[in-house]
Amino acid sequence: MRSSLYLLAIFLFCFSYWIHRSFGKPDLSQIVYHMNFGMELASSVDPGITWRFFRWCVLAPVICMTLLTYAGPRVRRGIVTAPERLRVVLARVHRWLPSLLVLSATTFWMCDVSAFKYVTADFGPDYFGANYVAPATVAMAAQKPKNLVLIYIESLEQGYANKAAFGHDLLAPLNALPGTSFPSYEQVPGTGWTIAALVATQCGVPLERVTIFDGNTQGQVINSFLKNAVCLTDLLAARGYRNVFMGGAATSFAGKDKFLSQHHYHEVYGREEWLKSGVQASDMNGWGLYDADLFSRARTKLRELSASKQKFNLTLLTVDTHEPEGHLSDSCARRGFAGFDGVISCTAAEVADFVRYARENGYLEDTNIVILGDHLSRKNPLTAQLEQLPARTIYNRFISGDRPLPNRGQLLHFDLMPTILEFAGYTVQGGRMGLGYSGFNQHDLAPPEKRMAEMDQNLLNRSDLYMALWEDQEADH
């Protein structure tokens, strides 16, 4: 019993250390969400992360337990031979130490991942139900519809452009592109990891509590993904667009394939597809295809889609800048880039080269490009500099021939759904979809001044309306 308590306490401390070292400080919602995918998650994650988990959460506890087992008899002999008054104190400490360590580790872990807020979310006000606008009920009108290229860059923050923090603008190639940006693209709960960011920007909703700890939805989360939500690609497909997704990492990771397939992505390419196409695993990083290789294939796909004369949305998702250390490709190294700041700058250059290719070949005449960081970065070698900045915001750039002006400075993930639609040449009646407000054109309703504070407090509270978006009636019968 004592050994089990010691082992549990050591594991909890080591698990917390591994989480912080690899990802910074994720909340319990994020941890629980990924637990839904079990071994499927383990098979699609970067092997480097798996090795760190084994080292810190398996090997380290075993070593510590071996040392404790070795030291146990010596400690007991020391207690027996101690002076009587001290012996009583030491005996009590020795008796209760395992339980105290478990209590301390559990309390620390729960505070660290905001477990109390997670548990009490069942009892707070339903922010989602009070503010969600179903996209299917919103009228849209085509003005001058354009093709769309939507580029998500892993963990890209605007702060990397700060010359005082990093010595030079790490995003100079991107910032040199003519386009429009929102100065304050900020992050709220339920949007801080990749699949959550994809869902939030394309569906106008967060990733909430549909988890293995909810008996009513345990099977549904595996079999369906927001089946009843209407998302960006659903609306585009209904208007004749062909939706294509190309990412470097495995599409099976964290349920991404389920989301893409259920929301009208007609073609999906990820690590598995690249391997089948002949790419060697030795030419990939731990997550999958390097960004340079992804954009090389994206150029080919852009030519194909443009030649088809059908409207299209080409969505790209990079991986090189993923924490904890990034992945520097051989092509980036040959261009003189080094270190994590070199990974950031090289990815920025690759994206800028792709945009220039599109412009020089005339694709921007009927195609608009949106460049987005998917979320704020977590733990990486430049985190200390980022944390010294007055504010941390996510990178964004909207590139088109007419360069529309934003109607405000702030943008949240949920705003992207109506914002992208209006950027692509549609008008969204009222400017609202999901939890979002369009950042373009003039609309009667503006985002409430205190919505970020209210979202921080209540966004992830349990909502029957939100749960209904996940219901799979077919699976229930």
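## Cysteine close-ups

**View 1. Cys 332, a buried cysteine.** In this predicted model, Cys 332 has a relative accessible area of 4%, so we call it buried. Its sulfur sits 1.9 Å from that of Cys 346, and the two form a disulfide. Cys 332 belongs to helix H16 (residues 330-334) and Cys 346 to helix H17 (residues 339-360), so the bond ties together parts 14 residues apart in sequence. At the other end of the bond, Cys 346 comes out at 0% relative accessibility and counts as buried too.

**View 2. The twist of the Cys 332 and Cys 346 bond.** Here we look at the S-S bond itself. Which hand does the disulfide of Cys 332 and Cys 346 have, left or right? The torsion about the S-S bond is about -85°, so this disulfide is left-handed.

**View 3. Cys 203 bonded to Cys 231.** Another disulfide joins Cys 203 to Cys 231, with an S to S distance of 2.0 Å. This pair links distant parts of the chain, 28 residues apart. Cys 203 is in helix H10 (residues 194-203), while Cys 231 sits in the loop between helix H11 (220-223) and helix H12 (232-238). With 100° about the S-S bond, the link between Cys 203 and Cys 231 is right-handed. As for solvent, Cys 203 is buried at 1% relative accessibility, and Cys 231 is buried at 0%.

**View 4. How the disulfides pair up along the chain.** How many disulfides are there? The count is two, taking cysteine sulfurs within 2.5 Å as bonded. Count the bonded cysteines along the chain and the pattern reads 1-2, 3-4.

**View 5. Cys 57, too far from Cys 14 to bond.** Why does Cys 57 make no bond with Cys 14? The Cys 14 sulfur is the closest cysteine sulfur to that of Cys 57, but it is 6.6 Å off, so the gap is too far for a bond. Cys 57 itself is buried, with a relative accessible area of 5%.

**View 6. Cys 64, a partly exposed cysteine outside any disulfide.** Cys 64 is in no disulfide. For Cys 64, the nearest cysteine sulfur is that of Cys 14, 5.5 Å away. Is Cys 64 buried or partly exposed? With a relative accessible area of 32%, Cys 64 is partly exposed.

Definitions and conventions:
Residues are numbered from 1 along each chain as its sequence is written. This is a predicted model: local features need pLDDT of at least 70, side-chain atom pairs count only at pLDDT 80 or more; totals for chains, interfaces and linings use all residues. Side-chain values use heavy atoms; hydrogens and water are left out. Helices (H or I, at least four residues) and strands (E, at least two) are DSSP runs, numbered from the N terminus. Buried means under 20% relative accessible area, exposed over 50%, partly exposed in between (1.4 Å probe, protein chains only).
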